[in-house]
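Colleague: I am just starting out with protein structures, and I would love some help with the words people use for them. Could we look at one together?

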Amino acid sequence: MLFRDKVALVTGGASGIGRATALAFAREGARVVVADIAEAGGRETVKAIGEQGGEALFQRADMLKPADIREMVAATVARFGRLDCAFNNAGHRGGSTNVVDCTEQEWDMVLGLNLKAIWLCMKYQIPEMLKVGGGAIVNTSSGLGNFAAPLTASYSTSKHAVIGLTRSAAVDFGPKNIRINALLPGATDTPMLAPAAQGSNLKLQDMANRIPLRRLGTAEDQAEAVIWLCSERAAFTHGLSLICDGGLSVLR
Ligand SMILES: NC(=O)c1ccc[n+]([C@@H]2O[C@H](COP(=O)([O-])OP(=O)(O)OC[C@H]3O[C@@H](n4cnc5c(N)ncnc54)[C@H](O)[C@@H]3O)[C@@H](O)[C@H]2O)c1
């Protein structure tokens, strides 16, 4: 068990990559806080953790509301007494727009959720981790944090910025024993992917065929990467942008 006696917080834990990671943390012994705006899905994740013998709390939190983020961290410590690991993962793909078509509303929503919320998560998580002598944080970027794709103006911008935010935080808080890394998932079979495939006129199977491993990623593939990054096995891995994409990004 990699996280015995540890407490992990997962945002976007009601679905997809967040849910798979919450379940994986619990299997490795962590007590888990599942935070999401989606109540039914969040409670389902908590139920599934209970069914596999783990302990979890659902905390409803809208990542676009700073007070909810502060309260989410406070609720974690109130319930479990500490915070050791955080996976800041809630996100939205935005519309299929370029920089001309993108509306101010879309821009503010996507940058607010995918970027500003991660800053605020770390702002409140890090002081709690300092109280217990250290911690590990993974922030979800994307393959589109490294490269651009057509009609992803707000999303790609937000995901590039997550890498900068992660590196900046890593430089400042590495000396305090808080490891901070970014995960860059490639096309992963979750509810978020289907509309993305439509937006780019690519069917999911076509997407899979372009990937060197010839399949889409699964939420569990991404969860494994997060678990490793948060564990002591990655003790010297810090400020990294870990690409988990079946090799897509090495294709020209
Ligand atoms: N699926 C992919 O192909 C892929 C690829 C690269 C990056 N990502 C990133 O992975 C992360 C997880 O996505 P996923 O694929 O699991 O999608 P998903 O849609 O299954 O999960 C996203 C979760 O975020 C939650 N959420 C949305 N708005 C929120 C808000 N305002 N406050 C709190 N929670 C909110 C949703 O309710 C949902 O549970 C996202 O940041 C996404 O950008 C996904």
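Modeller: Happily; what follows is a short talk about helix packing and the ligand in this predicted model.

Colleague: Let us begin with H4 and H5. Why are these two helices called roughly parallel to each other?

Modeller: Helix H4, residues 104-131, and helix H5, residues 153-173, pack at an angle of about 15°. Angles under 35 degrees count as roughly parallel, and therefore H4 and H5 are roughly parallel to each other. Their axes are 8 Å apart, and the crossing is right-handed.

Colleague: What makes the contact between H4 and H5?

Modeller: On the H4 side, the residues include Trp 107, Leu 111, Ile 118 and Met 122. H5 brings, among others, Tyr 155, Val 162, Leu 165 and Phe 173. The residues of this contact divide into 15 nonpolar, four polar and two charged.

Colleague: Now H3 and H4. How do you know which word fits them, roughly parallel or oblique?

Modeller: The axes of H3, residues 66-80, and H4 cross at roughly 30° and come within 9 Å. The cut-off for roughly parallel is under 35 degrees, so H3 and H4 are roughly parallel to each other. Their crossing is right-handed. In H3, Pro 66, Ile 69, Arg 70, Met 72, Val 73 and Val 77 meet residues of H4, including Ala 117, Leu 120 and Tyr 124. This contact holds nine nonpolar residues, one polar and two charged.

Colleague: And why are H1 and H8 called oblique?

Modeller: Helix H1, residues 16-27, and helix H8, residues 219-230, pack at an angle of about 50°. Roughly parallel needs under 35 degrees, and roughly perpendicular runs from 65 to 115. The angle of about 50° fits neither range, so H1 and H8 are oblique to each other. Their axes are 8 Å apart, and H1 passes H8 in a right-handed crossing. Among the residues in contact are Ile 17, Ala 20 and Phe 25 of H1 and Ala 223, Val 226 and Ile 227 of H8. The tally is nine nonpolar, three polar and one charged.

Colleague: Which residues come nearest to the ligand?

Modeller: Of the 28 residues around the ligand, those are Ser 15, Ile 17, Asp 36, Tyr 155 and Thr 190.

Colleague: What makes the pair between Ile 17 and the ligand a polar contact?

Modeller: A backbone N or O atom of Ile 17 lies 2.8 Å from a ligand oxygen atom. A polar contact is a pair of N or O atoms within 3.5 Å, so this pair counts. For Met 63, a backbone N or O atom is 2.9 Å from a nitrogen atom of the ligand.

Conventions
Residues numbered from 1 in each chain as written. Predicted model: local features only at pLDDT ≥ 70, side-chain atom pairs only at ≥ 80, totals over all residues. Heavy atoms only, no water. Axes fitted to C-alpha atoms, helices over the stretch in contact; angles between N-to-C directions. Helix = DSSP H or I, 4+ residues; strand = E, 2+ residues; numbered from the N terminus. Parallel < 35°, antiparallel > 145°, perpendicular 65-115°, else oblique. Left-handed = near helix turned anticlockwise from the far one by under 90°. Contact = heavy atoms within 4.5 Å. Nonpolar A, V, L, I, M, F, W, Y, C, P; charged D, E, K, R; others polar. Near = heavy atom within 4 Å. Polar contact = N/O pair within 3.5 Å; in protein donor to acceptor, adjacent residues only side chain to side chain.
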